[in-house]
Every structure is written in structure tokens, then in C-alpha cells.
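Student: I'd like a close look at one part of this protein and at what surrounds that part. Could you take me through it?

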Amino acid sequence: MIAVADSGSTTIDWRILRDDLSVEKMVSPGINPVYQSTEEIMQTLSEVVGKMRDGECSHVYFYGAGLLSPDTCARVTAAIGTLLPGCRVVAGSDLEAAALALLGDGDGIAAILGTGSNSGLYIGERIVRSVPAGGFILGDEGSGAWLGKRLLSDYIKGLLPDVMYEAFRKEFPGLDYPAVVERVYRDAMPSRYLASFSPFLGRHRGLPYVRDLLQEGFGLFIRRNILSYGRPDLPLAVVGSVAAVYREELAAAALKEGIGTVRVEAGAGDGLVRYFQRKTIGA
């Protein structure tokens, strides 16, 4: 039996692959090893990992946000290794998870378009190069945070078209300039707050303002990140909620820049199951 985890800061999506090829799904609270110690990670994971002890789990493949350095990966492997003695633990980034899930043993460009955005050139089943994401202030083009930031900026400056302005005021009553500034500049997770406005855009995606904003954001994402790898011949594989909602607009932006193949999935979980069934169980 092996366990595969696709982790975010809020929740972790687990897949338990049993020897009879059955798959069990579980959800547990998320972790962020950038901010949590090994002991804190153990405490968060203890309940769900405890359920694996009786199943003789041989491997845990744990991928997630914040797993960007040897130190953060080591913290997660130590925590799970302590909870599951004798189990081999492999930890990697959420970008690696996206690549394995959608590209498997083929080459391509893996990307994430969710709250933030990220990308990497995937050759020979490993990320060989990654353009720095930059975060919601310096980058994250096309992400939920980028889209939300532009929407809020246009709102507070009075640049929204009348129909969008009225719809926004109706859906978010009382959200004035001081309230926006307070949340963006004092909130512990400003990128998550900004990204929370992406669904509003989705509900109005037929309007010219939204179409133009999506075209601009995804165009910047392609030009400032994906084209930097110099491999427009490779497929672009994208995981994330924003990519899943706006897959048609993303594909159109990619095609405009010469990228004809775009694969999109909302999450990496199912793709990781397929990958490890082939590699570990031989399905």
C-alpha cells in the first residue's frame, strides 16, 4: 500500500493505493512547512497518518505548497517518518505533482494556475528549470490573486464599467476603499483574499471587461513565464482551480502565442494515482 498526498495550506487531498488496486480518498487539514516545525506538522498529520499504520504502508509520496527547499522537504519527511516507522517518504513541490500528474513520463511544461501561478520545464521526469513565480506582488500572472488584484484596483479607482461596478457593489456591499486596504495590506493571507474575487469574474465572464482581463492575465502568464523556456513545441500541462474554470480562455491565450497543446485538471490527485499505479503497482 502506498499513500499519495497533494497538499495545500488549507487541506491535503490524500489517495491511498491498496495492493488490490482500490483507491481510498481522504482529506485532512493542510500544512505549510515554511511556517511549521516538524513537531507541529506531526501534530497536524497524526490522525490521518495513524489510519495508515494498520495497512502496512510502504511509501508516502507527499507533494505540496511550501516544499521548495531541502529543509522544508526534510521537515515533512521527518514528521511522516516518525509517525510511520519503516515507511519510505518522498516529499516534493506542488509543481512536481502537477508534472507527474499530467505529463507522467513525457516531456512538457508543467504549470499551476490557482491562488498563485508557477511553472517549470519538465524533462526526463524531473523539473530542470523554473521561472521564479514572484508572488502576487512581483508576479503570479494570470492567477486568482492577480485577477483579484486587478479587479479591486479598477474598482477602487472607478475604472470598472458601470454594469460590472453595480454587480460588484451588489455582491460585496460595504466593501469600500478603507476596507479593501485593510484586508490587502494587513491580512495574514492577502493573496488568498485577492483570489477570492476570481469566482465573481467567472460569473460575469461573458462581459467584455472580463474577457479582456482574462486575455491580458493569461497572455502575460504565457509570455513572461511559459515562453521563457523556449519550447513552444512541448505540451503545456496546467493544474489549478483558475485553469479549470477558464480552460477555454487559457487555451486561446496559449494558441495565440504558438502553444497548441494545453492539458488542464483542477487538481493533481487523480493524475498522481494514475502515475504511481503505473510506476509502483504496475497497473
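Which strands does helix 1 (residues 38-50) lie across, and at about what angle does helix 1 run to strand 2?

Tutor: Happy to! This is a predicted model, in which local features need pLDDT of at least 70 and side-chain atom pairs count only at 80 or more, while totals for chains, interfaces and linings use all residues. Numbering starts from 1 along each chain as its sequence is written, and side-chain values use heavy atoms, leaving out hydrogens and water.

Helix 1 lies across strand 2 (11-17), strand 3 and strand 4, and runs at about 25° to strand 2. Helices (H or I, at least four residues) and strands (E, at least two) are DSSP runs numbered from the N terminus; contact means heavy atoms within 4.5 Å; angles, from 0 to 180 degrees, compare N-to-C directions of axes fitted to C-alpha atoms.

Now the sheet itself. Its 5 strands form an open sheet in the order 3-2-1-4-5, with mixed pairing (strands pair if DSSP finds at least two bridges between them). Strand 3 (23-29) and strand 5 are at the edges; each has a single partner strand, so one side of each lacks a neighbour in the sheet. On average, neighbouring strands here are turned by 15° against each other, direction ignored.

Strand 4 (residues 59-64), one of the strands under helix 1's path across the sheet, is worth a pause. It runs parallel to strand 1 (residues 2-7), joined by 6 bridges, and Ile2 has His59 as its bridge partner. With strand 5 (residues 88-93), strand 4 also pairs in the parallel sense, again over 6 bridges. There, Tyr63 is partnered by Gly92, and Val60 stands opposite Val89. Of the 6 residues in strand 4, 5 are buried (under 20% relative accessible area with a 1.4 Å probe, protein chains only; exposed is over 50%, partly exposed in between). Helix 2 (residues 70-83) also lies across strand 4, as well as strand 5, and runs at about 150° to strand 5.

What about the interior? The largest nonpolar core (buried Ala, Val, Leu, Ile, Met, Phe, Trp, Tyr and Cys joined through side-chain atoms within 4.5 Å) has 44 residues, and Leu151, Leu152 and Leu201 make the most contacts inside it. Helix 10 gives the most to this core, with 7 residues. Apart from that core lies another, of 26 residues, and Val89, the residue opposite Val60, is among its members, along with Met52, Ala79 and Ala91.

For comparison, look at the other sheet, which is open and has 5 strands in the order 8-7-6-9-10, with mixed pairing. Strand 8 (126-129) and strand 10 (262-265) are its edges, each with a single partner strand, so one side of each is without a neighbour in the sheet. Its twist averages 35° from one strand to the next. Strand 9 (residues 236-239) pairs with strand 10 in the parallel sense over 4 bridges, and Ala237 has Arg263 as bridge partner. Helix 10 lies across strand 6, strand 7 (117-123) and strand 9, at about 140° to strand 6. Helix 12 (residues 247-256) packs on this sheet too, touching strand 6, strand 9 and strand 10, and its direction makes about 155° with that of strand 10.

Conventions:
A crossover is right-handed if, with the strands pointing away from the viewer, the path from the first strand over the helix to the second runs clockwise.
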